[in-house]
Amino acid sequence: MIDILISGLLLSGTYALVAMGLNLQYGVARIMNLANGEVLVLGALAAFWLYTTSQVSPLLTVILVIPVSFTGNWIIYRFLLTPLVKRSKTQGALEVDSILATFGLSFIIIGIIVSIEGGFFAYKYLSEPIRILGSTTSLNRLLAFLVAALIGVALYLWLNFSRPGVAVRAVAVSTEASGLVGINVPRVSAIAFALGGTITAVGGALISTFITLDASMGVVFTLKALIIVIMGGVGEIRGSIIAAGILGVVETGVATLVDPGLTLASAYLIFVLILLFRPQGLFGKHTT
Amino acid sequence: MIRRSVLALASAVILATTSAFAEGVIKLGAISPKTGPLAGGAVVTQWPNIQLWVEQVNAVGGLNVGGEMMTIDLIEYDDKTNPGEHIKLAQRLATQDKVDFVVAPYGTGFNIASAPIYGKFGYPMIAVSAITDKVDELTGRYPNLFFTLGTTTAFVEGVKSILMEQRDAGAIGNEIAMVNVADAFGIELADKARELFTAEGFKIVYDKSYPLGTPDLSPVMKGAKDSGAKAFIAWSYPPDSFGLAEQAIIEDLDVNVYYSAVATSFPAFSNAFGSKINNVLGAGGTNVDDPKIAEYREAHLKITGKVADYWASANTYAALQILEQAIVGAATLDREVVTQYIKDNTFDTVMGDLNFKNNFSNTFWSVGQWQDGVFRGVKGSNVDGAVDVRLKDGWK
C-alpha cells in the first residue's frame with residue numbers, strides 16, 4: 001500500500017511536470033500547443049547530449065535550459081503565434097489555428113532533434129535506490145518529484161499572491177476584460193507561453209534521467225498533458241497538480257493490484273468519467 | 001499535332017540521353033524509419049549498415065556486373081514508421097525513381113506489409129529485422145521474400161534451453177517471472193514462451209503485460225521481485241528494455257537469469273548502465289572474436305562513427321553482401337535472374353557462409369549476454385563461437 005502511494009506520487013510528479021507547462025500555454029495564452037511534447041523531448045535531448053558529450057550534470061543542464069527555452073518559446077509566440085492571435089475573431093478559431101500551427105511546429109522540432117540524435121537518449125543519472133518509508137524508489141524520480149512540487153508551489157504562490165500573477169490569472173479568465181483594466185494582454189500571454197514552454201523543457205531534462213526517450217516520443221507526453229490539463233481544469237495549476245496526482249496513484253495502483261496492462265485503460269476511464277460528470281474539469285469554472 | 005509529336009520526340013531524346021548517362025550506375029532504394037517509434041532502432045541497425053556497404057562498394061569502383069563496373073546510387077526515404085507511407089514510397093521507388101534493387105524494410109510488420117508491392121515489381125527482398133513463425137506461409141505467397149534472422153520459436157527455444165540448463169545446474173528453480181510489452185512482437189513471443197516453458201515443467205509465477213510506452217515500470221519489477229522467481233524474462237521493446245533494467249537495478253532484483261529482448265544488444269544499453277548490467281541476457285548476440293566480424297565492426301565504427309549493435313547489424317550487412325554477390329554472380333541487373341541466383345547459391349558473408357532453403361537462412365544468433373562490456377552470443381543456430389552462459393550476480 002505504501003509502495004503504491006509512494007511510487008504513484010512520484011509518477012504524479014512526472015505527470016505534473018508534463019502538464020503544468022501546457023496548462024499555462026493553453027489556459028492563459030490560449031494556445032493549444034501540440035508541440036508541447038516535442039519541447040519536452042528537446043529538453044531531454046539537451047540533458048542527454050550535454051551529459052554524454054561533456055559530462056555536464058543534468059541538474060546544471062536544467063539551469064541552462066531555463067533561459068534558452070524561455071527565449072525560444074517567447075520568440076515562437078511573438079513571431080509564429082501572435083499573427084494567429086491577432087487575426088482570429090473567436091476563441092474557437094484561435095484554437096483551430098494554433099492546433100494546426102503547433103502541429104506543424106512539432107514536425108520542425110522533430111526534424112531538429114533527429115538531426116542531432118536519431119537514436120535513443122540512453123544515459124542514466126542518479127539511478128540509485130533510495131528507501132522512503134520502507135518502499136524502494138530511485139533518486140532521479142524523487143528529484144523530479146521535488147522539482148515538480150517546487151515549481152507547482154512557486155507557480156501557485158506567484159499566480160495567487162503577486163501582482164503579475166494576478167494579471168496572468170485575469171488574462172486566463174478573460175482577455176477582453178483584462179485588456180479593459182489596463183493589463184498588457186499580448187505581453188502577459190507571451191510571458192505565460194514562454195514560462196509554460198520553460199517548465200516543459202525543464203521537465204524533459206529531468207524526466208530523461210529515468211525514462212529513455214527518443215525523437216518520436218513527444219506525442220505520448222502531449223497526450224498525457226492534455227488529459228491532465230482537461231481533467232484538472234484549463235488554466236488551473238492546482239487542478240493540474242491534483243489531476244496528475246490522481247492519475248499517478250491510480251495507474252500505479254492498477255498496475256500493482258490488477259494488471260500493468262490496464263494502466264492506460266484506467267487513465268482513460270477516469271478521463272471519460274470526469275468529462276461526463278464535470279466537463280469543466282476538477283477545478284474549472286463554468287464558462288457561462 | 002505536329003507540335004505535340006515534336007515535343008514527344010524531344011522528350012524521348014532527352015530521356016534516351018539521360019538513361020545513357022545513367023549507365024554504370026545501380027540504383028538502390030531504401031525505405032526505413034528515420035522518425036517515429038521504430039526510428040530509434042533503425043538508426044542503430046539499419047541505416048548505418050546501408051551507408052557502410054554503399055561507401056565500401058563505391059570506394060572500390062562499384063560492382064562488376066558482367067565486365068562493367070557499376071557504382072551504387074542510393075535513394076533513401078523515411079517511412080515515418082507508417083506502413084501506409086512505406087507503401088506509397090515503395091510505389092514511388094519502383095515507378096518514378098525506377099530503382100534496380102531495394103533494401104528490405106526495418107521491422108517485421110513493415111516487411112510483411114510491403115512484400116506484395118515489392119513482389120509485384122519483382123524486387124528480391126532480403127529481410128533482416130523481421131522475425132516470425134509464418135516464414136513458410138509468407139515465402140510461399142511472396143517468392144521474392146527471404147528471411148535471415150530466425151523465427152519466433154527459435155528465439156524462445158534459445159531462452160528455454162538456457163532456463164533448462166540453469167535448472168539442471170541448480171541455479172534456478174521451476175519458477176519464472178515473465179513480462180511482455182503489449183504489442184504484436186511481445187505478445188507473439190510471450191504466447192510462444194508460455195507454451196514452450198510450461199511444456200518443460202516451468203511455472204510462470206508472475207506473468208504480466210504492460211502497454212508500450214509505460215512511463216513507470218516499478219510496479220512490474222516489484223511484482224516480479226515479490227514472486228521470488230530466480231529467472232526473469234522480458235519480451236520487451238527498446239524503451240522498456242532500458243526501463244526494466246533501471247528498475248531491476250533500483251529494486252536490486254535477486255535473480256540468476258535476467259533476459260530482456262530487443263535493444264539489450266545495443267551499445268547504448270551498455271553505455272547507459274555500464275558494469276551494472278554485466279551478465280544480462282538479451283535477444284541477439286554476435287561473435288566478436290570472429291576475424292570477419294571484428295573487421296566488419298571496425299569498418300562500421302570508422303565509416304559511420306557508430307559502434308555496430310551486437311545483433312542484427314551484422315545480419316543487415318550480410319544481407320547487403322548477399323545482394324552484392326548475387327548481382328555480380330548473376331552478371332545482370334535483371335531482378336528475376338538475381339532472385340533465382342539468391343535461391344540457388346551460397347554466399348560468403350560476415351555471418352559466415354549463408355544459403356537459403358525455402359527462402360529461409362538458418363544461420364543466426366538467438367540469445368546473447370553482456371560479458372565484461374561485450375555482448376557475446378550464447379545461443380544460436382549454425383553459428384560458431386557461442387560462449388558459456390554466466391549467472392547474473394547482483395547489479396553493481
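How many helices and strands does chain A have? Select chain A in this predicted model and colour by secondary structure: 11 helices and two strands should appear. Stepping along the sequence, the order is α-α-α-α-β-β-α-α-α-α-α-α-α, with the two strands placed after four helices and ahead of the rest.

Next, show the C-alpha atoms of chain A alone. Along the principal axes they fill a box of roughly 55 × 45 × 35 Å. The radius of gyration of chain A is 18 Å, which agrees with the value near 19 Å for a compact globule of 288 residues.

Now colour chain A by burial. Of its 288 residues, 55% count as buried. If you draw a contact map, with a pair counted when the C-beta atoms lie within 7 Å, take the contacts with a separation of 6 or more: 77% of these join residues 24 or more positions apart.

Then bring in chain B and select the residues on both sides that touch. The selection holds 32 residues of chain A in contact with 36 residues of chain B. On the chain A side, the elements that give two or more residues are these:

- helix α1 (2-27)
- helix α4 (91-116)
- strand β2 (135-138)
- helix α10 (237-258)
- helix α11 (263-277)

Which element gives the most to this side of chain A? Select α1(A): with four residues, it gives the most.

Last, colour the chain A side of the interface by residue class. Nonpolar residues number 14, polar residues 14 and charged residues four.

Terms used:
Residues numbered from 1 in each chain as written. Chains lettered and ligands numbered in written order. Predicted model: local features only at pLDDT ≥ 70, side-chain atom pairs only at ≥ 80, totals over all residues. Rg over C-alpha atoms; globule rule 2.2 N^0.38 Å. Buried ≥ 20, exposed ≤ 12 C-beta atoms within 10 Å, placed from the backbone. Contact = placed C-beta atoms within 7 Å. Nonpolar A, V, L, I, M, F, W, Y, C, P; charged D, E, K, R; others polar.
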